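Please look through the sequence and the model before reading on. The report below takes up a few topics, one under each heading.

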Amino acid sequence: MKAERVLAAVRVGPERIELEEFPMPEIPDDGALLRMEVAGICGTDVKMYEAPQVTEPVIMGHENVGVIERAGAKFVELKGVSEGDRVFLEHYVPCFRCEWCHRGEYRHCWATDWRSNPDALRYGYTPASRPPHLWGGFAEYLYLPWNAVVHRVPDQVSADLAGIATPLSNGIEWALFDCEVGFNTSVLIQGPGQQGLSQVVACRQAGASAVIVTGMARDAARLEVAKALGADATIDVDSEDVVERVREITGGDGVDVVIDCTSGAGTDPILVGIQALRRRAGTLLIQGELDAFPEFPIRELTEKAITVKSARGHSYRACELALEQLASKRFPLDLLTTHTFGLDDVDLAIRSVGGKGEPDVIHVSLLPWMARGRAS
Ligand SMILES: [Zn+2]
Ligand SMILES: [Zn+2]
């Protein structure tokens with residue numbers, strides 16, 4: 001028997017989640033219904049939970065994996081996936097008409113850019129009031145319109161492991177495509193969270209000569225995971241001088257690439273990154289955490305001819321490569337999947353990612369059907 005109502009965890013305000021039921025959507029010929037398996041939770045969720053930028057109630061969950069439960073004939077034809085297929089769903093819901101879309105760069109499409117377009121559609125960001133309501137992964141089901149972007153998950157990849165497809169896609173996008181990490185590149189990765197650790201995998205696979213990962217004293221366990229994934233060296237920023245250590249490890253040169261995967265660390269990682277880069281023409285990838293940067297060392301940046309890149313999601317190709325990487329089982333990526341929570345515990349799950357819940361978290365999976373026992 002099909003459940004006629006769909007249970008979802010709705011963010012109704014800052015740090016406030018309520019369980020709500022929504023009607024099971026009608027599935028048109030060009031749409032589909034995804035039975036959720038795993039919604040990954042990342043640092044962005046923590047920020048959006050503490051200080052939502054979309055103030056209307058939202059079903060969060062933008063890193064989604066599930067099984068296609070129902071699909072219209074047109075959807076099957078358009079997407080090449082059918083009922084019973086496990087898919088990784090990108091959070092972008094793009095127009096498929098613009099130049100960015102034709103390049104597979106859905107992340108830049110205006111139709112899914114919630115920051116500049118109030119009508120944008122994006123999983124985990126679109127208000128729950130918008131029919132058919134199921135626009136977030138912290139729910140039993142998701143609605144897939146014709147322009148959803150789905151990737152078939154290889155059979156040998158478990159749902160759990162598929163849950164880290166998003167950070168790994170970002171790892172590939174930022175390290176390989178944006179910073180052009182490749183054979184013999186030396187890289188400094190700042191921050192050993194799920195995002196930093198995913199960069200380690202991407203850099204190692206690409207052929208980097210030195211992968212150095214920084215963390216704080218409390219990150220000791222994560223830095224061990226970094227080593228297990230192939231990091232050549234780790235640095236404890238609380239007790240060691242990062243720039244000095246980087247010079248030591250690179251024979252005095254400094255690194256070719258610095259990738260900032262820290263959170264809430266202020267201006268420090270960028271200042272350290274500029275110093276840790278080699279004498280000329282290094283690349284610095286930054287996140288957009290700070291609104292402004294007082295006394296930014298622009299002279300040092302230009303004298304060293306540094307290229308600055310922005311961390312901004314992933315392309316279609318990066319997702320495909322991430323799924324292939326997961327299927328290869330080349331890296332012990334199950335070391336990352338440390339915690340799972342059910343729909344009742346979304347608040348605790350998000351707080352745990354933010355360091356204010358369960359200890360020793362690397363990656364958190366929200367399993368909407370866990371411990372619920374509702375027959376579908
Ligand atoms: Zn995310
Ligand atoms: Zn577009």
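What follows describes a predicted model, beginning with a sheet and ending with cysteines.

## The parallel sheet

Six strands, written here as 6 strands in the order β11-β10-β9-β12-β13-β14, form an open sheet, and the pairing throughout is parallel. The edges of this sheet are β11, which covers residues 233–236, and β14, and each of these edge strands pairs on one side only. From one strand to the next, the twist averages 20 degrees. As a general background, strands of a sheet pair through backbone hydrogen bonds, and this can happen in either a parallel or an antiparallel way.

## Strands β12, β13 and β14

Within the sheet, strand β12 (residues 257–260) pairs with β13 in the parallel sense, and 3 bridges are found between them. In this pair, Ile-259 stands opposite Leu-285, a residue of β13.

On to the next pair: strand β13, which spans residues 283–286, and strand β14, which spans residues 307–310, are also parallel, and their pairing extends over 4 bridges. Here Ile-286 stands opposite Ser-310 in β14. To get from β13 to β14, the chain passes through helix α10, made of residues 298–303, and the resulting β-α-β crossover is right-handed.

## The zinc site

Which residues are the protein donors of the zinc ion (ligand 1)? They are Cys-42 through its SG atom, His-62 through NE2 and Glu-63 through OE, and they lie 2.0 to 2.2 Å from the ion. Along the sequence, the spacing of these donor residues can be written as C-x19-H-E. Cys-42 and His-62 link distant parts of the chain, since Cys-42 sits in the loop between β3 (32–41) and α1 (43–50), while His-62 sits in the loop between β4 (58–59) and β5 (63–71), 20 residues apart.

Are these two donors buried or exposed? Cys-42 has a relative accessibility of 11% and therefore counts as buried, because buried means under 20% relative accessible area. His-62, at 5% relative accessibility, counts as buried too.

## Cysteines and disulfides

How many disulfides does the structure hold? The number is 0. For a reader new to the term, a disulfide is a covalent bond between the sulfur atoms of two cysteines.

Two further cysteines can be described by their accessibility. Cys-101 has a relative accessible area of 5%, so this residue is buried. Cys-109, at 1% relative accessibility, likewise counts as buried.

Terms used:
Residues are numbered from 1 along each chain as its sequence is written. Chains are lettered from A and ligands numbered from 1 in the order in which they are written. This is a predicted model: local features need pLDDT of at least 70, side-chain atom pairs count only at pLDDT 80 or more; totals for chains, interfaces and linings use all residues. Side-chain values use heavy atoms; hydrogens and water are left out. Two strands pair if DSSP finds at least two bridges between them. Helices (H or I, at least four residues) and strands (E, at least two) are DSSP runs, numbered from the N terminus. A crossover is right-handed if, with the strands pointing away from the viewer, the path from the first strand over the helix to the second runs clockwise. Axes are lines fitted to C-alpha atoms, for helices over the stretch in contact, and angles run from 0 to 180 degrees between N-to-C directions. A disulfide is a pair of cysteine sulfur atoms within 2.5 Å. Buried means under 20% relative accessible area, exposed over 50%, partly exposed in between (1.4 Å probe, protein chains only). Donors are N, O and S atoms within 2.8 Å of the metal (3.2 Å for Na, K and Ca); water is not among the atoms, so sites may look incomplete.
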